[in-house]
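Biologist: I'd like to talk through the charged pairs in this protein with you. Could you show me the structure before we start?

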Amino acid sequence: MERIRWFEEARFGMFIHWGLYSILGRGEWVMYIEKIPKGEYAQLAKQFKPKRFNAKTWVKLASDAGMKYIVLTTRHHDGFCLFDSKVSDFTSVKTAAKRDFVAEYVKACRKYRMKIGFYYSLLDWRFSGYHNREKEPESFKEMVEQAHSQVKELMSNYGKIDILWYDGAWPYDAEAWQSKKLNDMVRKLQPHILINNRSQLPEDFGTPEQHIPTAAPETKFPTHLWESCMTMNDNWGYSAGDKNWKSTRQLIMNLIRCVSGEGNYLLNVGPKPDGTIPLPSIKRLKEIGVWMKENKESIHHAGRAHFEGGMVGLTTAKNNKVYLHVFRWPGEEICLAGVKNKIRSGYLLASNKKVSVTQKGERLFIQGLPQKAPDAIDTVIVLKLR
Ligand code: GLC
């Protein structure tokens with residue numbers, strides 16, 4: 001289907017969690033977890049004047065890392081909008097910043113031909129009806145109406161949008177949110193859009209969070225589109241104390257695991273209140289970019305391979321090529337089992353250097369390899385099928 005093709009080909013995107021909570025630097029759930037009264041929380045808007053925010057810097061960083069789309073939190077569970085809204089005063093346009101950050105983001109994405117995603121939280125903690133629907137049905141109704149109006153604004157005021165990434169429907173169902181009606185409206189306004197599964201309706205794609213679905217070799221993954229969203233440390237929103245950064249190797253391995261299961265990898269950054277992305281995230285994205293520069297052929301448009309990577313790593317595939325991602329370099333020889341295809345030739349993707357391939361039954365031997373891994377993280381060996 002034409003509508004979903006770009007998403008399957010993209011494989012790699014950036015998630016951005018940024019809002020008032022970034023000022024406190026204790027994650028995007030800070031208002032709820034620390035029970036900050038809404039009046040007190042609202043005061044943060046007075047301080048939200050991100051001097052160093054530059055959407056182009058964000059988008060370029062994503063683009064250089066080989067990412068093909070971005071999903072930005074236009075509004076998280078705290079209800080603060082990074083866009084102009086007629087139905088709320090709690091926005092970056094009507095408070096200190098006086099800027100429509102969503103508009104700036106959209107413009108930068110178009111400049112870099114980056115596909116554009118909007119994250120939008122249906123729930124809004126500021127409504128008492130969210131916390132107690134039974135007792136406060138009017139407030140609940142107001143919250144739902146606001147969500148419908150704001151989604152309409154997002155779908156009407158920024159040109160073509162590629163992804164609508166809902167969140168925060170729980171604990172209520174699709175009926176409570178009138179999700180069917182909401183999504184019918186969205187599709188009328190944006191016929192090409194992809195919608196995730198978090199309005200409590202399946203729609204276009206699944207969103208495993210902080211994990212990558214796996215399946216036994218014989219079992220097929222769901223044919224439905226899916227995208228794993230994952231953090232670089234332990235938080236989505238900026239968290240000053242969280243130093244638990246995943247290694248670049250781990251992040252690249254996660255990407256390959258997603259592609260090898262025909263899924264996408266949405267990797268998160270949590271910019272600081274001044275609009276800059278934390279240095280450890282920049283460092284990792286740049287390192288991923290260095291690897292992607294030489295090896296992106298094994299990612300974009302790629303999917304599941306005909307056979308697995310055995311002891312040394314993972315495989316992805318495209319057309320008549322299987323890409324063997326070697327994370328554990330074994331020295332001069334690699335043996336893969338369960339290879340039913342005839343292999344015509346092999347070479348190292350980054351250097352084009354030929355390797356020798358021979359087959360004995362279903363065992364494939366790749367020989368004449370250098371003693372030391374050419375790429376310390378993931379050396380990709382291309383195997384051409386007959
Ligand atoms: C969860 C969290 C939220 C985060 C999201 C990302 O639903 O509530 O803070 O934005 O996951 O997938």
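Modeller: Here it is; please keep in mind that this is a predicted model. Let's begin with Lys160 and Asp162, which form a salt bridge.

Biologist: What makes Lys160 and Asp162 a salt bridge?

Modeller: Their closest N and O atoms are 3.6 Å apart, and the cut-off is within 4 Å, so the pair qualifies.

Biologist: Why is Asp162 called buried?

Modeller: Asp162 has 7% relative accessibility, and buried means under 20%, so the label fits. Lys160, with a relative accessible area of 44%, is partly exposed.

Biologist: Why is Arg52 called exposed?

Modeller: Arg52 is at 56% relative accessibility, and exposed means over 50%, so Arg52 earns that word. Its side chain meets that of Asp274 in a salt bridge, at 3.5 Å from N to O. Asp274 is partly exposed at 23%.

Biologist: How do you know that Arg52 and Asp274 link distant parts of the chain?

Modeller: They are 222 residues apart: Arg52 sits in the loop between helix H5 and helix H6, and Asp274 in the loop between strand S8 and helix H13.

Biologist: And what separates Glu145 and Lys141 in helix H9?

Modeller: About one helical turn, because they are four residues apart in that helix. They form a salt bridge too, with the closest N and O atoms 3.7 Å apart. Glu145 is partly exposed at 43%, and Lys141 is partly exposed at 45%.

Biologist: How many salt bridges does a search of the whole structure find?

Modeller: The search finds 18. Arg3, Arg187, Glu203 and Asp204 are linked in a network of them.

Terms used:
Residues are numbered from 1 along each chain as its sequence is written. This is a predicted model: local features need pLDDT of at least 70, side-chain atom pairs count only at pLDDT 80 or more; totals for chains, interfaces and linings use all residues. Side-chain values use heavy atoms; hydrogens and water are left out. Helices (H or I, at least four residues) and strands (E, at least two) are DSSP runs, numbered from the N terminus. Buried means under 20% relative accessible area, exposed over 50%, partly exposed in between (1.4 Å probe, protein chains only).
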